[in-house]
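The exercises below ask the reader to work through a structure step by step, each task being followed by its solution. Please keep the sequence and the model in view while reading.

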Amino acid sequence: MNTINFAAIDIGSNAVRLLIKSIIPGDHSDSFTKVLMVRVPLRLGQESFVSGKINGEKEKQLIRLMKAFKHLIKIYDITDFRVCATAAMREAKNSDALVKEIRKETGLKVEVINGQEEASIIYESHFGDKLNKEQNYIFVDVGGGSTELSLMVNGELQESKSYDIGTVRLLNNKVQEVEYERLNYDLSKLKEQYKINDIIGSGGNIIKLNSLAKTRKNNKLPLQKLEELNDTLKQFSVDELITNYNLKPDRADVITFAADIYITVAKGVGATHVIVPTMGLADGIIHMLYVKWKEKNNVEEAVVLS
């Protein structure tokens, strides 16, 4: 049977991503195969969080990139796709005008989603289906502009919250103290109410940190090892991180900020390990598109036998 393709465009604060995945109609969501992933480090948050707008060269680059992604979507014969923009676009004063311009130039409809929806979509990647249903977890996604937390109890999503604490914000000293106060208060409440041994880390930085720590894919990264690695990385300049650890420039200057956030969350809820799956917002978007397609076409999903 022929496969069908779905695509997601994630317009983030640090990078813009196009993800394309394929699946045989009726297969379980675990059966998705990655066809293409393109990541371009536009760093829209550099302008949005500092000047309050995305304009000039950044605006031109984003529109050019959306045109390129539109062509790729056509080439790969996509069944359905969705374009979501997060914190940088949320805060840009000219966001509405930029969304209209992208629609005019490319035909792509960009949805600027709030932090709550961002957290819910990330959860829809359904990595949680593979976890121990008798344990509690905090799902943590650290982006350039915001951090999303989702509480999972007995395999069910209980609540999601978003905080304006992100790596590009931290790089530009644009995180307000009230956001830290809100985060720390919420973490202390979670620790009082739930026993949480593991947090689940999402985002490119924790994937790279897990790789540098030399833990196996999808394995648990001990918090102590993450702290030791973070202390080591902080001893080097950005140029040295690029050279010594083969990091991309847009990763090297924010990776320790990301580690700080994951460590803060883990310590705040009393967790000792970070589970690191390779998924994020784009994966959640694609899963939701597939669910919508199945409902529209009355397709039953295959049952996965454990």
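**Exercise 1. Two helices in contact**

In this predicted model, Asn205, Ile206, Lys208, Leu209 and Leu212 of helix H8 meet Ile255, Ala258, Ala259 and Tyr262 of helix H12. Determine how H8 and H12 are oriented at this contact, and on which side of H8 its buried residues lie.

*Solution.* Begin with the geometry of the pair: the axes of H8 and H12 are 9 Å apart, and the two helices pack at an angle of about 95°. Because angles of 65 to 115 degrees count as roughly perpendicular, H8 is classed as roughly perpendicular to H12.

Next, list the buried residues of H8, which are Asn205, Ile206, Leu209 and Asn210. Around the helix axis they span an arc of only 135°, so they sit on the same side of H8. The general background is that an α-helix has 3.6 residues a turn, so residues three or four places apart point the same way. Finally, look just beyond the helix, where H8 is followed by Lys214, a residue with a positive phi, near 60°.

**Exercise 2. The nonpolar cores**

Identify the residues with the most contacts inside the largest nonpolar core, and work out which elements supply it.

*Solution.* The largest nonpolar core comprises 38 residues, and those with the most contacts inside it are Ile138, Ile199 and Leu226. At least two residues of this core come from each of strands S6 (136-142), S7 (147-153) and S9 (196-202), and likewise from each of helices H7 (177-193), H8 (204-212), H9 (223-233) and H12 (255-269). The largest share, nine residues, is that of H12.

Now take Leu226 as an example: beyond residues up to four places away in sequence, Leu226 touches Ile206, Leu209, Leu221, Ala259, Tyr262, Ile263 and Val274. Apart from this core lies another, of 30 residues, including Ala7, Ile63, Phe69 and Val99.

**Exercise 3. A loop asparagine**

Decide whether Asn14 is buried or exposed, and establish which residues its side chain reaches through polar atoms.

*Solution.* First place the residue: Asn14 belongs to the loop that runs between strand S1 (4-11) and strand S2 (16-23). Its relative accessible area is 8%, and because buried means under 20%, Asn14 is buried.

Then follow the side chain of Asn14, which makes a polar contact of 2.7 Å with the side chain of Arg43 and reaches the backbone oxygen of Asp250 at 3.5 Å. To complete the surroundings, and leaving aside residues up to four places away in sequence, Asn14 touches Arg39, Pro41, Leu42, Arg43, Val168 and Asp250.

Definitions and conventions. Residues numbered from 1 in each chain as written. Predicted model: local features only at pLDDT ≥ 70, side-chain atom pairs only at ≥ 80, totals over all residues. Heavy atoms only, no water. Helix = DSSP H or I, 4+ residues; strand = E, 2+ residues; numbered from the N terminus. Buried < 20%, exposed > 50% of the residue type's maximum accessible area, 1.4 Å probe, protein only. Polar contact = N/O pair within 3.5 Å; in protein donor to acceptor, adjacent residues only side chain to side chain. Contact = heavy atoms within 4.5 Å. Core = buried A, V, L, I, M, F, W, Y, C linked by side-chain atoms within 4.5 Å. Arc of directions from axis to C-beta. Axes fitted to C-alpha atoms, helices over the stretch in contact; angles between N-to-C directions. Parallel < 35°, antiparallel > 145°, perpendicular 65-115°, else oblique.
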